[in-house]
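Hi,

Here is the structure I said I would pass on. Have a look at it first, and my notes follow underneath.

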Amino acid sequence: MSTDALVKKLKSKIEQFEVNVHVEEFGHVTEVGDAIARISGLSACGMMEMLNFEVEGSNEKHYGLALNLEEDTVGAIILDNNHRIKEGTRVKRLGKTLKVPVGDQFIGRVIDPLGRPIDNAGAIESVDEYPVEKVAPGVITREPVNQPMQTGIMAIDAMIPIGRGQRELIIGDRQTGKTAIAVDAILNQKGKDVLCIYVAIGQKKSKVAQLVELLKKNGAMEYTTVVVAGSSDPASFQYLAPYSGTALGEFFMDQGKDVLIVYDDLTKQAVAYREISLLLRRPPGREAYPGDIFYLHSRLLERACRRNKEYGGGSITALPIIETQAGDVTAYIPTNVISITDGQVFLESGLFFKGIRPAINVGLSVSRVGGSAQVKSIKKVAGRMKLTMAQFRELESFSQFSSDLDLETKKYLDRGARATELLKQQQFMPLPVSKQVASIFALNDGHLDALKVSEIKSWESKLHKFLDLAKGDIMKKIDKDWSPEIEEELRAAIGEFKLSYGATE
């Protein structure tokens with residue numbers, strides 16, 4: 001063979017040469033405690049990379065997540081309460097970020113943040129895996145928020161409306177009814193083609209079990225998934241739970257479905273993240289929280305959006321819950337989340353103890369989406385009610401210092417007191433829009449002025465029954481549209497009801 005032919009053949013062989021070398025990098029645990037491990041030997045490890053702890057004598061997989069990349073060691077959180085991981089345990093890099101299983105089979109189930117069922121109802125066959133951390137959809141893929149996400153709570157649907165794709169914060173002190181509002185919103189989605197995800201963070205598992213039973217009793221578990229990181233679970237689970245719930249929500253959104261997700265509550269997630277950060281010896285900042293605590297919540301809540309039709313048309317509506325201390329909304333975590341969200345429903349303990357429930361402070365609550373997320377009927381009637389409540393709050397404080405009030409002021413105060421009574425609502429009994437419109441319209445039209453305040457709720461209940469039984473066609477019209485003709489029909493129906501029940505002007 002000539003030299004040229006030999007060279008040509010060698011070049012050909014070199015070009016075709018392939019080496020399938022599978023390289024695995026291992027390290028060892030140098031320190032472990034409080035679900036935190038320090039590992040040496042993983043020089044090429046990446047941020048948020050999955051790690052596998054190879055525990056001797058165990059066939060189970062024990063996962064960790066790399067959070068701190070230091071000069072000589074890697075700081076990782078252990079994703080389970082496993083006391084068998086000890087100094088010297090071998091650790092293997094998996095070369096991938098954390099993903100959780102997703103699929104339609106998760107609807108109606110109770111799972112942990114890693115997607116494992118904890119409701120004793122059998123295994124779940126997942127369709128796919130989604131990353132827990134994901135870049136939020138860009139502006140080009142989004143659609144303006146203009147479809148209502150009704151909660152069934154009159155005070156919210158009328159004055160602080162929530163739209164599909166919105167992020168509306170529920171904020172207030174402990175035991176003021178924050179969870180009750182979120183659960184009412186879930187119950188109200190029955191038959192509305194909305195999937196719900198409830199993320200319980202740092203709660204007692206007995207309390208979560210009661211909530212699941214309530215949802216089952218009302219038929220809401222048929223479209224709801226509950227993600228649980230209980231108070232007895234490690235801080236790593238409480239930190240990851242909201243992201244896991246959002247990953248499942250994104251799977252449904254990618255199918256063009258509308259999703260409502262409740263984070264109950266992000267205060268406990270922030271505390272868990274602070275605990276992890278301090279154990280990893282990150283420098284503490286304000287209130288000992290790490291410097292990236294704002295980023296923790298912003299990258300989570302920015303994933304809530306409404307996609308346009310070109311990108312699937314689905315939506316995620318987020319209802320984060322934040323607990324305040326003595327009504328202090330200027331604390332670090334509340335101000336962070338207020339600045340990220342599109343409005344807040346503020347629950348006041350003073351109103352709660354007065355018996356005004358839900359204890360929503362209409363003055364401090366706001367929706368930055370406003371009337372664009374309301375159906376036409378409630379948008380038309382709610383304006384006057386907002387004005388009534390604003391005048392009432394203004395005059396109520398002044399009227400405490402004066403015994404002699406003119407007739408006009410008394411009229412505003414009386415109307416405001418009736419509006420406040422009308423907005424009271426029993427827990428876990430959401431109202432459809434048509435009934436809300438009928439109640440508000442009756443208030444605006446002065447039909448409640450002759451009633452005692454104590455009689456209003458009974459009168460309202462009888463009105464709803466009358467309209468359901470005798471005027472069902474009007475109620476169907478109100479759900480879809482509003483016009484002068486519909487307004488006159490409703491006015492005549494309320495007049496007929498007053499005659500039949502012997503009510504006086």
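Let me start with a pair of helices. Helix α14 (residues 472-480) and helix α15 (residues 484-500) have axes that come within 10 Å and cross at roughly 140°. With that angle, α14 counts as oblique to α15, because roughly antiparallel would need an angle over 145 degrees. The crossing in which α14 passes α15 is left-handed. On the α14 side, the contact is made by I474, K477 and I478, and on the α15 side by I486, E489, L490 and A493. Sorted by class, the residues of this contact of α14 with α15 come out as five nonpolar, two charged and no polar.

Before you go further, please keep in mind that this is a predicted model.

There is another helix pair to look at. The axes of helix α5 (residues 235-254) and helix α7 (residues 293-301) also come within 10 Å, and they cross at roughly 15°. The two helices, α5 and α7, are therefore roughly parallel to each other. Their crossing is left-handed. If you want to find the contact, look for Y239, P242, Y243 and T246 in α5, which meet L296, R299 and L300 in α7. The contact of α5 with α7 has five nonpolar residues, one polar and one charged.

Now for the pockets. How much space lies in the largest pocket? The answer is about 910 Å³. It is lined by 34 residues, and the closest to its centre are Q175, G177, T179, A180 and K207. Three elements, α3 (178-187), α4 (205-217) and β14 (315-324), each supply at least two residues of that lining. Which of the elements gives the most to the lining of the largest pocket? That is α3, with six residues. As for the character of the lining of the largest pocket, the residues divide into 13 nonpolar, 11 polar and 10 charged.

The second largest pocket has a volume of about 400 Å³. Its lining has 14 residues, and M429, L431, E460, S461 and H464 are the closest to the centre. Helix α13 (residues 456-470) gives the most to the lining of this second largest pocket, with six residues. In the lining of the second largest pocket you will find six charged residues, four polar and four nonpolar.

Last, the cavities. The structure holds three of 30 Å³ or more, and I have notes on a couple of them.

The largest cavity has a volume of about 80 Å³. To locate it, pick out A155, I356, P358, I360, V362, M389, R393, T420, L423 and K424, which line the largest cavity. By class, that lining divides into seven nonpolar residues, one polar and two charged.

The second largest cavity holds about 60 Å³ of space. Its lining is made up of P148, M149, Q150, D157, P161, I162, A373, Q374, V375, I378 and V433. Here the classes are eight nonpolar, two polar and one charged.

If you only have a few minutes, I would start with the largest pocket and its six residues from α3, then turn to the contact between α14 and α15, with I474 and L490 among its residues.

Cheers

Methods:
Residues numbered from 1 in each chain as written. Predicted model: local features only at pLDDT ≥ 70, side-chain atom pairs only at ≥ 80, totals over all residues. Heavy atoms only, no water. 1 Å grid on protein atoms, 1.4 Å probe; cavity = no way out; pocket = protein on both sides within 12 Å on 5 of 7 lines; lining within 4 Å. Points joined across faces, edges and corners; volume = space filled by probe spheres on them. Helix = DSSP H or I, 4+ residues; strand = E, 2+ residues; numbered from the N terminus. Nonpolar A, V, L, I, M, F, W, Y, C, P; charged D, E, K, R; others polar. Axes fitted to C-alpha atoms, helices over the stretch in contact; angles between N-to-C directions. Parallel < 35°, antiparallel > 145°, perpendicular 65-115°, else oblique. Left-handed = near helix turned anticlockwise from the far one by under 90°. Contact = heavy atoms within 4.5 Å.
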